[in-house]
Amino acid sequence: MISFSQREKKWIPYLLFLPALIYLAGFIGYPLVKTLQLAFISEKGKVGIENFITLSQDSTFWKALKNTLYLLIAIVPLQVILAFLLALFVDGRFKGYMTVLYIICIPLALSDVSAALMSYNIFTSHGFLNKFLMKFGFIDVPIYFFGLGLSSRAFWVIVLTELWRATPLVFVILLASLQVISKDYFEAADVFGFSSWQKFFHITLPLTMPSLQSALLIRTLFSFQIFGVVWLLSGRDIPILAGEVYYQQAELSNFRLAATYGFIIALICIIISWAYITLLKTKHLEV
Amino acid sequence: MKSQRIPVALKIKQLVTIIIVGFIVIWFLAPLVLITISAFASPSDYYQIEKVIPTHFTLNQFKSLFFGLEAWKAILNSIKVAGLTMLLSFIIGLPAGYALSRYIFSGKNFLKLLCLATKMFPLMVLAVPLLIIFMKMGVSDTIWGASLAHTAMVLPIIILIFSSILSGVSMDYEEAAMIFGLSRIHAFFRITLPLALPGLAASAIFAFVLSWNEVFVATILTLTNRTLPAHILKTAMASPDYLKFTAGFIMAVPAMVFIFFVRKHLVTMWGISLK
């Protein structure tokens, strides 16, 4: 017999969710509070922005901020465009498109450490690219991409690696949005004699715009967390925000400055998210 | 006859499609194939600059990586941490996901928003305070520490995915079972769970892979009990090239094997988790 009392019914969902809530409060909520504590209390115990002032006087901080932004500008737009083109292509449902889909999704399984090592394998002085070019006589001595003083070259290898590794993420989002566009629209367009270009600009593009914006936002937020690829390929030659968190924490054992860096990263992410949600008033972010 | 009028345009389209597919396949598969070759290539072939493709292969670097550089320990640690993360996130996340999918209650939207918000948040920055908290708890630099941190990072996503998967199993089955006298819990375990199991299992494996691949938090939280990516970050880069590639290969293989087995659910999961 189904006979739950009204009272019982009410608290069941809360009970079910409780472990998760407690866990998250304890392992995300509390650390958040602690981060604020660490960032806003100086070495001597005064509450204030002294840590932030210390950072602002450190040229590495500004370099890290600059580099992170450079990476963002170099990677994100390119990635979204590439992912969109891939999604449009795969959406064409040609024969064997499922296999191509799986192949495109392979980098999703990989860590940035693996991706960095794969790039290293190709671009290092004894790597496949150099060997190939030398074998066929294009160059006489290997081109060096990594190392002191070569950070501009390493930068582009990093961009390439991130493009390879993370485009599938954006691709999946965009493909999903393309696949929900009702075929009726296209059939109606055919009736009116729309060309392919017109169909794209008047149907596809507007309907995928929310997803494109979503993908741009997510990718932008993620780019502030880039760590493994840069650290493995160029160490601290190219300082980045996340790398500095690590450096302060693990190598200098300076928890306060590490937390301060962390807070700045979090703050930037929150500001960007807030700006995005407010300015664009996108409803699709609601689940 | 139609088949005689269209062929040329169709054939060109097919050719272009094949070329594009070729590029895509090469672009995505080449780095993988190349690092596999390098992982097994003998060092002497690697250092010979004229030899583009090595002809001698060896398992020696695997041996030296495993035993000499103690990657063996790191791999074991990674397995333990990822396994614990998978278990914890499953146990805690399943009831939460069930609550979100089956019940309507006040605060539901807030909780969903909360999970989404944590997804957009750079959770890695929590590694710093977590280390301090763990030191106080006495679990810093242990497998438990890393697992607890990873579970926290993975839980919101997993809850949303579970909620989505469970929503895909129609309530009607449960209600039919309850009419026949099963309690709700009974109906869940007997009917809903088995039906949702493929998706749930795929998500659990997904949690495993996320933990396996995680670098930043793991490196900060582990010192003597390193996980594999932390180990690579710290030691492999100082070792000779050919060992680096072997290490990269070892990191990539399990993730790819797992994902291969759940590939049917992959796009659904990533689609859900990133929307």
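**An all-helix pair of chains, seen residue by residue**

Met171(B) comes out as exposed, because just 12 other C-beta atoms sit within 10 Å of its own (buried takes 20 or more other C-beta atoms within 10 Å, exposed 12 or fewer, and partly exposed is in between, with C-beta atoms placed from the backbone). This residue belongs to helix 9 (residues 171-179) of chain B (helices are DSSP runs of H or I of at least four residues, strands are E runs of at least two, and both are numbered from the N terminus). The C-alpha atom of Met171(B) is 9.8 Å from that of Ser101(B), although the two positions lie 70 residues apart in the chain count.

The model is a predicted one, in which local features need pLDDT of at least 70 and side-chain atom pairs count only at pLDDT 80 or more, while totals for chains, interfaces and linings use all residues. Residues are numbered from 1 along each chain as its sequence is written, with chains lettered from A and ligands numbered from 1 in the order in which they are written.

On confidence, the model scores ipTM 0.81 and pTM 0.84. Chain B has an average pLDDT of 81, with 91% of its residues scoring at least 70 (pLDDT is the predictor's confidence in each residue, from 0 to 100). Within chain B, the mean is highest in helix 5 (residues 71-102), at 89, and lowest in helix 1 (residues 2-5), at 55. Where pLDDT is low, predicted coordinates should not be read in detail.

As for the overall fold, chain A holds 12 helices and 0 strands, and chain B holds 14 helices and 0 strands. The C-alpha trace of chain A spans about 80 × 70 × 40 Å along its principal axes; that of chain B spans about 80 × 75 × 35 Å. Chain A has a radius of gyration of 24 Å, against the value near 19 Å of a compact globule of 287 residues (taken over C-alpha atoms, with the globule rule being 2.2 Å times the number of residues to the power 0.38). Chain B also has 24 Å, where a compact globule of 275 residues would be near 19 Å. Buried residues account for 41% of the 287 residues in chain A and for 46% of the 275 residues in chain B. In chain A, 71% of the contacts between residues at least 6 apart in sequence join residues at least 24 apart (a contact is two residues whose C-beta atoms, placed from the backbone, lie within 7 Å). In chain B the corresponding share is 73%.

Next, the contact between the chains. It takes 75 residues from chain A and 71 residues from chain B. On the chain B side, helix 2 gives the most, with 11 residues. That side of chain B divides into 57 nonpolar, 8 polar and 6 charged residues (Ala, Val, Leu, Ile, Met, Phe, Trp, Tyr, Cys and Pro count as nonpolar, Asp, Glu, Lys and Arg as charged, and the others, Gly among them, as polar).

Helix 2 (residues 7-40) of chain B has 34 residues and should span 50 Å at 1.5 Å a residue, so the 46 Å between its end C-alpha atoms agrees (the expected span is 1.5 Å times one less than the number of residues). Helix 2 of chain B does bend, by about 40° at Leu29(B), with Pro31(B) following within four residues (the bend is the angle between axes fitted to the seven residues ending at a residue and the seven starting there). Its buried residues include Phe28(B), Pro31(B) and Ile35(B). The buried residues of helix 2 of chain B pack against helix 4 (97-105), helix 5 (112-123) and helix 7 (151-179) of chain A, together with helix 3 (43-47) and helix 13 (241-261) of chain B.

Helix 10 (residues 184-213) of chain B is another story: its 30 residues would reach 44 Å as a straight helix at 1.5 Å a residue, but its end C-alpha atoms are only 38 Å apart. A bend of about 60° is found at Leu197(B), and Pro198(B) follows within four residues.

Two buried residues round things off. Ser89(B) lies in helix 5 of chain B and counts as buried because it has 31 C-beta neighbours inside 10 Å. Not counting residues up to four places away in sequence, Ser89(B) touches Thr151(B), Val154(B), Leu155(B), Ile158(B) and Ala207(B). In chain A, Thr167(A) sits in helix 7 and is buried, with 25 other C-beta atoms within 10 Å. Leu78(A) is 89 residues from Thr167(A) in sequence and 9.2 Å away, C-alpha to C-alpha.
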